[in-house]
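Trainee: I would like to learn how to read a structure like this one. Where should we begin?

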Amino acid sequence: VGSTAVHPQPLALGRVLQDAAAAVQARYPGRTLDWQPASDLPTLSTDAALLQQALTELLDNAWKFTAKTAAPQLAVDVAPTENGIRLQLRDNGAGFATQQAE
């Protein structure tokens, strides 16, 4: 855990997702995951390194927790919110019992 200064700049979300997916795919050679990023991903004003790190970790979790799934899938959706956007990654991996979420 650490902290760093944030350096926002215009950044194409689709490109960052592609780079993160390539980095994760390299960690799991021989495994594929059917992933479908939304077609209308926006350009954001954000810190490239921090967003790349966060997306790489999220995608890595999807690759890990779909390992025992016959046809692993990942969907990436974006929706506008009052303060920006909501980025949602959904996979068909192991998950957790919702009654134990607390």
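**Reading charged pairs, a helix and a core**

Mentor: Begin with one charged pair: Asp-77 and Arg-90 form a salt bridge through their side chains, with N and O 2.5 Å apart. This pair connects distant parts of the chain, since Asp-77 is in strand β4 and Arg-90 in strand β5, 13 residues apart. Keep in mind that the model is predicted.

Trainee: Are Asp-77 and Arg-90 buried, exposed or partly exposed?

Mentor: Asp-77 is partly exposed, at a relative accessible area of 28%. Arg-90 is also partly exposed, at 41%.

Trainee: What is the general idea behind such a pair, and how many salt bridges does the structure hold?

Mentor: Side chains of opposite charge can pair when their charged atoms come close. The structure holds four salt bridges.

Trainee: Which residues are joined into one network by salt bridges that share partners?

Mentor: Arg-27, Asp-60 and Lys-64 are joined in this way. In one of the bridges, Arg-27 meets Asp-60, and their closest N and O atoms are 3.2 Å apart. Here too distant parts of the chain are linked: Arg-27 belongs to helix α1 and Asp-60 to helix α2, 33 residues apart. In another bridge, Asp-60 pairs with Lys-64 at 3.4 Å, N to O. Asp-60 and Lys-64 are both in helix α2, four residues apart, about one turn of the helix.

Trainee: Why would a spacing of four places suit two residues in a helix?

Mentor: An α-helix has 3.6 residues a turn, so residues three or four places apart point the same way.

Trainee: Which residue of the network is buried, and which are partly exposed?

Mentor: Asp-60 is buried, with a relative accessible area of 6%. Arg-27 is partly exposed at 44%, and Lys-64 is partly exposed at 41%.

Trainee: Let us turn to a single helix. How long is α1, and what span is expected for it?

Mentor: Helix α1 covers residues 13–27, which is 15 residues. From first C-alpha to last it reaches 21 Å, close to the 21 Å expected at 1.5 Å a residue.

Trainee: Which residues of α1 are buried?

Mentor: They are Leu-13, Val-16, Leu-17, Ala-20, Ala-21 and Val-24. These residues are on the same side of α1 because they cover an arc of only 135 degrees around the axis. On the other side of α1, Arg-15 and Ala-26 are exposed.

Trainee: What covers the buried residues of α1?

Mentor: The cover includes strands β1 (8–12), β2 (34–37), β3 (43–47), β4 (73–81) and β5 (84–91), together with helix α2 (48–65). Take Leu-17 as a case: with neighbours within four places in sequence left aside, Leu-17 is in contact with Trp-35, Leu-41, Leu-55, Leu-59 and Val-76.

Trainee: How many residues does the largest nonpolar core have, and which have the most contacts inside it?

Mentor: The largest nonpolar core has 16 residues, and those with the most contacts inside it are Leu-13, Leu-17, Leu-51, Leu-55, Leu-59, Trp-63 and Leu-74. At least two residues of this core come from each of α1, α2 and β4. Helix α1 gives the most, with six residues.

Trainee: Now the whole chain. In what order do the elements run from the N terminus?

Mentor: The order is β-α-β-β-α-β-β, with two helices and five strands in the chain. The C-alpha trace spans about 40 × 35 × 35 Å along its principal axes. Of the 102 residues in the chain, 25% are buried.

Trainee: What share of the contacts with a separation of 6 or more is between residues 24 or more positions apart?

Mentor: Such residues account for 74% of those contacts. For a spatial example, take Ala-5, in the segment before β1. Ala-5 and Asp-47 are 42 residues apart in sequence, and their C-alpha atoms are 9.1 Å apart in space.

Trainee: Which elements have the lowest and the highest mean pLDDT?

Mentor: Where pLDDT is low, the predicted coordinates should not be read in detail. Among the elements of the chain, β2 has the lowest mean pLDDT, 78, and β1 the highest, 93. The chain averages 86, and 98% of the residues score at least 70.

Technical notes:
Residues numbered from 1 in each chain as written. Predicted model: local features only at pLDDT ≥ 70, side-chain atom pairs only at ≥ 80, totals over all residues. Heavy atoms only, no water. Expected span 1.5 Å × (residues − 1). Buried < 20%, exposed > 50% of the residue type's maximum accessible area, 1.4 Å probe, protein only. Arc of directions from axis to C-beta. Contact = heavy atoms within 4.5 Å. Core = buried A, V, L, I, M, F, W, Y, C linked by side-chain atoms within 4.5 Å. pLDDT = per-residue confidence, 0-100.
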